[in-house]
Amino acid sequence: MSNPYLSPQPVEEEAKPGEIDRERLRKVARYQRLVMYALLGNIGLIALSAAIQAYGLRNYLAAVAALVAMLGIISFTMVAMFLLMNAFRYPVAGVLLGITALVPCLALFFLLIINQYATNYLTDRGAKFGFLGADLNSI
């Protein structure tokens, strides 16, 4: 017997065991592409950090531009990590991984791990891959 005063609860449709949830696959593929862009950005961030340490920044405008670029890449990485983990229905892990984006080499490590997790997930479900992730038209 159910409570008549209880407000209606949303019913989330789960895919049946043999069925593939195409919308979720598209979300994972889209967010995996963002993670790949974040990977490239983090590699550039490490190169930028190495260049700053090697040559130093004598120009004030160049220092501000480098700082803005670093903050932009770190913010984008945090969002990309959260969105991908949220697509896997692990929002707490997404928040924790987003926090790790503040440490560049650690962020690169975790970006590689969640990218491989997404690649395995999509490959197991038959997605075709190109240079920057799964082809959205093949899903």
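## Helix 3: the buried side

In helix 3, the buried residues are Gly94, Leu97, Gly98 and Thr100. They lie on the same side of the helix, because they span an arc of only 150° around its axis. An α-helix has 3.6 residues a turn, so residues three or four places apart point the same way. The model is predicted.

What do the buried residues of helix 3 pack against? Their partners are helix 2 and helix 4. On the face turned away from this buried side, helix 3 carries the exposed residues Val92 and Leu96.

## Leu97 and Thr100

Leu97 belongs to helix 3. Its relative accessible area is 11%, so Leu97 is buried, the cut-off being under 20%. Beyond four places in sequence, Leu97 touches Met81, Met85, Phe110 and Ile114. Met81 sits 16 residues away along the chain, yet the C-alpha atoms of Leu97 and Met81 are separated by 6.5 Å.

Thr100 is also placed in helix 3. Is Thr100 buried or exposed? Thr100 is buried, because its relative accessible area is 16% and the limit for burial is under 20%. With residues up to four places away left out, Thr100 touches Met81, Leu106, Ala107 and Phe110. Met81 is thus a contact of Thr100 and of Leu97.

## The nonpolar patch

A nonpolar patch of about 830 Å² lies on the surface. Val92, Val95, Leu96, Ile99, Leu102, Val103, Leu106, Phe109 and Ile113 make it. Helix 3 and helix 4 (104-124) are the elements that give two or more residues to this patch. Which of the elements gives the most to the patch? Helix 3 does, with 4 residues.

Ile99 is one of the patch residues and is found in helix 3. Ile99 is partly exposed, because its relative accessible area of 46% falls between the 20% and 50% limits. Val92 and Leu96, from the exposed face of helix 3, are also among the patch residues. Leu106 is in the patch too, and Leu106 is touched by Thr100.

In soluble globular proteins, nonpolar side chains tend to be buried together. The residues of this patch are nonpolar and on the surface.

## The nonpolar core

The largest nonpolar core has 25 residues. Within this core, Val28, Leu84, Phe88, Ile114 and Leu122 have the most contacts. Helix 1 (22-55), helix 2 and helix 4 each supply at least two of its residues.

Ile114 shows how parts of the chain meet. Neighbours within four places aside, Ile114 is in contact with Val35, Met81, Leu84, Met85 and Leu97. Leu84 is itself among the core residues with the most contacts.

## The loop before helix 3

Arg89 is found in the loop between helix 2 (60-87) and helix 3 (91-100). Its phi is positive, about 65°, although Arg89 is not a glycine. Most residues other than glycine have a negative phi, and most peptide bonds are trans. Arg89 is partly exposed, because its relative accessible area of 37% lies between the 20% and 50% limits.

## Ala134 in strand 2

Ala134 is placed in strand 2 (residues 133-134). At 1% relative accessibility, Ala134 is buried. What does Ala134 touch, not counting residues up to four places away in sequence? The contacts are Ala29, Gln32, Arg33, Leu122, Ala127, Lys128, Phe129 and Ile139. Leu122 is also among the core residues with the most contacts.

Ala134 and Tyr55 are 79 residues apart in sequence. Their C-alpha atoms are 39 Å apart in space.

Key. Residues are numbered from 1 along each chain as its sequence is written. This is a predicted model: local features need pLDDT of at least 70, side-chain atom pairs count only at pLDDT 80 or more; totals for chains, interfaces and linings use all residues. Side-chain values use heavy atoms; hydrogens and water are left out. Buried means under 20% relative accessible area, exposed over 50%, partly exposed in between (1.4 Å probe, protein chains only). Patches are made of residues with over 30% relative accessible area and no salt bridge: like charges are joined within 9 Å, nonpolar side chains (Val, Leu, Ile, Met, Phe, Trp, Tyr) within 5 Å. Accessible areas come from the Shrake-Rupley method with a 1.4 Å probe; for residues, only the protein chains shown count as cover. A salt bridge is a side-chain nitrogen of Lys or Arg within 4 Å of a carboxyl oxygen of Asp or Glu. Contact means heavy atoms within 4.5 Å. A nonpolar core is a set of buried Ala, Val, Leu, Ile, Met, Phe, Trp, Tyr and Cys residues joined through side-chain atoms within 4.5 Å. The arc is that of the directions from the helix axis to the C-beta atoms.
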